[in-house]
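Hi,

Here is the structure I promised to pass on to you. My notes on its empty spaces and on one of its strands follow below.

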Amino acid sequence: MKKPNFKIAALAALTICFYSCNSNDELQGPTAEIKAQSKIIDVTHHDGHPFSTGKSTTTSLTGKYVANPGGGVMMQAFYWDVPAGGNWWNTLSTKVTAWSNAGIGSIWLPPVSKAQNGPFSMGYDPTDYFDFGNYNQNGTIETRFGSKTELVTLITKAHSENIQVYADMVLNHNSGGQLESNPFTGTQTYTNFTGVASGKFPRTSVDFYKNAYGNNDEGAFGGFPDLAHVTPNVQNWLWLRSDGVGKYYKNTMKFDGWRFDYVKGFGPWVVKDWNSNVGGFSVGEYWDSNVNTLEWWANNANSSVFDFACYYKMNDAFDGNNLALLNDDMMWKRNPYKAVTFVTNHDTDEIYKKELAYAYILTHEGYPTIFYRDYEEWLDKTKMNNLIWIHNQKATGTTSILYADNDEYIARRNGYNGNPGLVVYINNSSTWQERWVPTNWTNAQIKDFTGNSTWIPTTQGDTWVKIQCPPNGYSVWSINM
């Protein structure tokens, strides 16, 4: 009879201890008191299907983005004052293959048309919607970002990687018009856009407030001429004509969708009419923390909306050291299919604990957006790619909050169509934390797909399991498969 190898046995015992939580805890399970104190909040109630941008990307070609169980992830592919000089479209063209490989399903570009500030403009002062860097006006041929040819090359390259491309549409105001006598104001105003180089969408003072239709609409911006969407000429050129802005951008330039700038400045019917006539994915920038207002706008515009309610709650929760605030109302809880979540954008960058915020939006419902500089410059790209993978492969189904206090937050995605979902644990304290939680899995071995914890516990017959989370960090648990 062969003698037992005590070294091997000891090593095996250590390995078991290292890779699982306390064996006595596993055998004994949570106390009756822990179970009694458990208060599960079922946040969303629907059939569990993922967010959809309305365009399928189901090809299985190697290295290309493919549709996934968790829905998509968007990249905001710019920041304020990206390098001038007309090379930004070329820069992005070098990125899209890696982004596709990482699981990015769409990119949001800055306004692509020629603006008043010419080679220095970020595009939010539009002059000629049909000048993509191919006409010599406003002191330049190329835009700040490049030429029309380079833009088309970028869109084509993104599409070859199965990445959708969204255009930033500035419809509230124009800039760079010529002076004219304005019969509605009795003054000279910069509202003559009949001489734009493209010759398309000519407009005059009758197309801006105040005019024959009234003195104003919902809002003006920065003293720029305020476009009057009620006028037939504006409607025709923006969304009705086959050669108008919307249909040209979609059918000729091949954009897949739209980010609408400053939608507080005009009625939601404008975006609704655009969407019904042009089509494509759409999201509005309604900069407001009031979830009731966000829901009102999204429903009336028939559009997604950026979830500013979620943004401000995350800021208060993570930086204010009160994760219980994540129990509060947000747009993704009202309607996850019309909520676009984000941590930073080109206008606002207030959240300090971004890693925790990205762990939140990439495990929760809605359409998460990643900010270019966070991904490419400021945060750990390997960790970001891991969260993107977790979102795409594991973040499925409705959401239930399992626990929340000042330092800890635990939520469960309940799975969909055979995908088991996940449990996310966020820890805002300076020490490791452990907690028993109810899962949807019976007698199942689970693991932390972030690698932050080395535990590989097994859920009990009643689905409960003990999980852990590192200090100022997160862990994401699902069935070990």
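**Cavities, a pocket and a strand**

The largest cavity is lined by 16 residues, and those nearest its centre are Pro-50, Phe-51, Glu-365, Gly-366 and Arg-413. For the terms: on a 1 Å grid over the protein atoms alone, a cavity is a set of points where a 1.4 Å probe fits but cannot get out, a pocket is an open set with protein on both sides within 12 Å along at least five of seven lines, and lining residues have an atom within 4 Å of a point.

Before you go further, please note that this is a predicted model, where local features need pLDDT of at least 70 and side-chain atom pairs count only at pLDDT 80 or more, while totals for chains, interfaces and linings use all residues. Residues are numbered from 1 along each chain as its sequence is written, and side-chain values use heavy atoms, with hydrogens and water left out.

Back to the largest cavity: its volume is about 90 Å³, a volume being the space filled by probe spheres set on the grid points, which are joined across faces, edges and corners. Its lining divides into five nonpolar, nine polar and two charged residues (Ala, Val, Leu, Ile, Met, Phe, Trp, Tyr, Cys and Pro count as nonpolar, Asp, Glu, Lys and Arg as charged, and the others, Gly among them, as polar).

There are two cavities of 30 Å³ or more. The second largest holds about 50 Å³ of space, and its lining has seven nonpolar residues, one polar and one charged. Among the residues that line this second cavity are Pro-111, Tyr-129, Asp-168 and Tyr-249.

The largest pocket may interest you too, with a volume of about 320 Å³. It is lined by 18 residues, and Gln-37, Ser-38, Leu-402, Tyr-403 and Arg-435 are the closest to its centre. Strand β19 gives the largest share of that lining, five residues, while α3 (32-37), β16 (399-404) and β21 are among the elements that each supply at least two. (Helices, H or I of at least four residues, and strands, E of at least two, are DSSP runs numbered from the N terminus.) By class, the pocket lining has ten nonpolar, three polar and five charged residues.

Finally, β19 (residues 433-438) pairs with β21 in the antiparallel sense over six bridges (two strands pair if DSSP finds at least two bridges between them). Gln-433 stands opposite Cys-469 of β21. In β21 (residues 464-469), six of six residues are buried, meaning under 20% relative accessible area with a 1.4 Å probe, protein chains only. Trp-464, Lys-466 and Gln-468 cover one side, and Val-465, Ile-467 and Cys-469 are buried on the other.

Best wishes

How values were computed:
Buried < 20%, exposed > 50% of the residue type's maximum accessible area, 1.4 Å probe, protein only.
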